[in-house]
Amino acid sequence: MKTLILFYSTYGHVYKLAEAIAEGAREVEGNDVVIKRVPETLPQEVLDKTGATGAQKAFAHVPVATPNELTEYDAIILGTPTRYGNMCGQIQAFLDSTGGLWAKGALVGKVGGAFVSTATQHGGQETTIRAMHTALLHHGIILVGLPYAWQGQMGHHEVTGGTPYGASTVAGGQGERQPSENELEGARFQGRHTAQIAKKLAS
């Protein structure tokens, strides 16, 4: 069985969630977990001006995915920073390039989900994940979220991400806040939970 964690990250927050999701997915025996990123669409000068260039060096070693390779995986979990309550342009552009797979029904029956980072606590985490869910549903992918069986999203003693739709983190307006241990644990739970369901279906 193979699981793909596919992400775009501007300042590294989504990448940290991707690593945590991979940790959880690797706990499922026989699961080959791969982390990849989508192609960059912004000009280098824009990345330099926003300060993203330096931050992205931390995951520059992560290989870039191509749309056609999605057929190789049993589970596909997408990660994105939020842009006005929706997925970032890089993820959208990648999904837009999967029309050939959609026409052939190549991803029907696979398992998938999504995770996200926002600058603020109410910055559109759930709307962004549900927007990605829509794209996955059009491909016939079976959605798996982050159920309330994970107790970390039941508390109110700290500011934290984590929704029933998928793992999430709050990055802060300047990207100064890093994913908390609670948020990372939610990501691990989602990775493990998704892989367990994919394994059952694969068998």
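Helices (H or I, at least four residues) and strands (E, at least two) are DSSP runs, numbered from the N terminus. The model is predicted, so local features need pLDDT of at least 70 and side-chain atom pairs count only at pLDDT 80 or more, while totals for chains, interfaces and linings use all residues. Residues are numbered from 1 along each chain as its sequence is written, and side-chain values use heavy atoms, with hydrogens and water left out.

**Exercise 1. Describe the overall fold and compactness of the chain.**

Step 1: Begin with the elements. The chain has 7 helices and 7 strands, in the order β-α-β-α-α-β-β-α-α-β-α-β-β-α.

Step 2: Turn to compactness. The radius of gyration, taken over C-alpha atoms, is set against a globule rule of 2.2 Å times the number of residues to the power 0.38. The chain has a radius of gyration of 16 Å, close to the 17 Å that the rule gives for 203 residues, so it is as compact as a globular protein of that length.

Step 3: Add the box. Along the principal axes, the C-alpha atoms fill roughly 45 × 40 × 30 Å.

Step 4: Look at burial and contacts. Buried means under 20% relative accessible area, exposed over 50%, and partly exposed in between (1.4 Å probe, protein chains only). Of the 203 residues, 51% are buried. A contact means heavy atoms within 4.5 Å. Among contacts between residues at least 6 apart in sequence, 78% join residues at least 24 apart.

**Exercise 2. Find the largest nonpolar core and the elements that build it.**

Step 1: Fix the term. A nonpolar core is a set of buried Ala, Val, Leu, Ile, Met, Phe, Trp, Tyr and Cys residues joined through side-chain atoms within 4.5 Å.

Step 2: Find the centre. The largest core has 25 residues, and those with the most contacts inside it are Leu 4, Leu 6, Leu 70, Leu 78 and Ile 91.

Step 3: Assign the elements. Strand E1 (2–7), strand E3 (75–83), helix H4 (89–96), strand E5 (111–118) and helix H6 (125–138) each supply at least two residues of this core.

Step 4: Note the other core. Apart from the largest one lies another core, of 24 residues, including Leu 17, Ala 18, Ile 35 and Leu 184.

Step 5: Zoom in on one residue. Beyond residues up to four places away in sequence, Leu 70 touches Leu 4, Leu 6, Ile 76, Phe 94, Thr 98, Leu 101, Leu 107 and Lys 110.

**Exercise 3. Compare the settings of Thr 98 and Tyr 84, both found in loops.**

Step 1: Place Thr 98. This residue lies in the loop between H4 and helix H5 (99–104). Thr 98 is buried because its relative accessible area is 2%.

Step 2: List its partners. Leaving aside neighbours within four places in sequence, Thr 98 is in contact with Pro 67, Leu 70 and His 139.

Step 3: Place Tyr 84. This residue sits in the loop between E3 and strand E4 (86–87). Tyr 84 counts as exposed because its relative accessibility is 85%.

Step 4: Check the backbone. Most residues other than glycine have a negative phi. Tyr 84 has a positive phi, near 55°.

**Exercise 4. Is Gln 125 buried or exposed, and which residues does Gln 125 contact?**

Step 1: Gln 125 is in helix H6 and is buried, with a relative accessible area of 7%.

Step 2: Leaving aside neighbours within four places in sequence, its contacts include Val 116, Thr 118, Gly 161 and Ser 168.
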